[in-house]
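Here are a couple of exercises to work through with the structure open. Try each task before you read its solution.

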Amino acid sequence: SDMDGRYIDVNPSACQMLGYRREELLGMNVLDVGRRGQDLTSEARSDFLEQLRVIWRQGGKGYQSEFMAKTGKLIPIEMSITPLIYHGQEAVLGAVRDISARLHVEESLKESEEIYRLLAEAAEDFIFIINRDMTVEYVNRFGAAIFNRQPEEVVGKHLGALFPSSAGSQTDALKQVFQSGEPVYRENPFEFPGKIIWLGTRLSP
C-alpha cells in the first residue's frame with residue numbers, strides 16, 4: 001500500500017483469499033478489509049496512517065489480525081510489514097498468511113490436552129510428566145497424594161528429591177527413553193513417606 005493505506009498492487013493470492021477482483025482491491029484502502037476498519041472513527045484512521053509512517057521510519061513489523069473477505073467471512077491472518085520504495089514513492093509491503101488451519105489445529109490440540117488432563121485426574125494411577133532435566137512438569141492428584149502433597153507442591157521437584165533411594169535407576173531409564181524414543185517398562189520398589197511399594201512403571205516418550 002501507499003502511505004495513505006491505499007492498495008497500489010496486489011497478487012492473485014490476495015484476490016483469492018479476500019474474494020475481490022484485482023481492480024476492486026486497487027480501489028480500496030487497507031482498512032476496508034480490516035475486521036472493523038469500516039467502523040473506525042476518523043481519529044482511529046489517522047492513528048493507523050501514523051503507524052504506517054512509524055513503520056517506514058523504524059523498519060518492519062509483524063502481527064496477527066483478521067481480514068474480512070468480500071463475503072463477510074473473517075479470516076485470521078499473520079502479517080509482516082516492510083517499508084520499500086515502489087515506483088519511486090514510499091510504500092509498505094504487506095506479506096499476509098491465512099492462519100485459519102494453524103489456529104484450528106492449535107485449538108484441537110488444546111481440546112485434546114484438556115481431555116487427556118481430565119482422564120489423568122480421574123485415574124487412580126500415578127501419572128507424571130518428567131522433563132529432560134529430570135524435574136516434574138505434571139503430576140495428577142492421585143500421584144501427588146502418595147507424597148501427602150498437592151500437585152502444585154510436586155511440580156518442579158527433581159526426581160532425586162521425590163525418590164532419593166531410586167532416583168539413579170529412574171534417571172537412567174528416563175535417559176534411555178529420551179535417547180531411543182521407545183517406551184520402557186520396569187518393576188521396582190519405590191520408597192514413599194512411611195511405606196515401600198512395588199510399582200510397574202511404563203515410561204513413554
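**Exercise 1.** In this predicted model, find the side chain that makes a polar contact with the side chain of asparagine 188, then work out whether asparagine 188 is buried or exposed.

*Solution.*
1. Start with the side chain: asparagine 188 pairs up with the side chain of arginine 186 in a polar contact of 3.4 Å.
2. Now place it in the fold. Asparagine 188 sits in strand β6, which covers residues 184–192.
3. Next, accessibility. The cut-off for buried is under 20% relative accessible area; asparagine 188 comes in at 16%, so it counts as buried.
4. Finally, look at who it touches. Leaving out residues up to four places away in sequence, asparagine 188 touches Gln170, Ile197, Trp198 and Leu199.

**Exercise 2.** Gln170 leads us to helix α8. Work out how the buried residues of α8 are arranged around its axis, and what covers them.

*Solution.*
1. Get the helix's dimensions: α8 runs over residues 167–180, and its 14 residues reach 20 Å from first C-alpha to last, close to the 20 Å expected at 1.5 Å a residue.
2. List what's buried in α8: Ala167, Gln170, Thr171, Ala173, Leu174 and Val177.
3. Look down the axis of α8. Those buried residues fall within an arc of 165°, so they line one face of the helix.
4. Flip to the face turned away from the buried side, and you'll find the exposed residues Asp172 and Gln179.
5. Back on the buried side, the cover includes β4 (128–130), α7 (159–162), β6 and β7 (195–203).
6. Step off the end: just after α8, glycine 181 takes a positive phi of about 75°.

Methods: Residues numbered from 1 in each chain as written. Predicted model: local features only at pLDDT ≥ 70, side-chain atom pairs only at ≥ 80, totals over all residues. Heavy atoms only, no water. Helix = DSSP H or I, 4+ residues; strand = E, 2+ residues; numbered from the N terminus. Buried < 20%, exposed > 50% of the residue type's maximum accessible area, 1.4 Å probe, protein only. Polar contact = N/O pair within 3.5 Å; in protein donor to acceptor, adjacent residues only side chain to side chain. Contact = heavy atoms within 4.5 Å. Expected span 1.5 Å × (residues − 1). Arc of directions from axis to C-beta.
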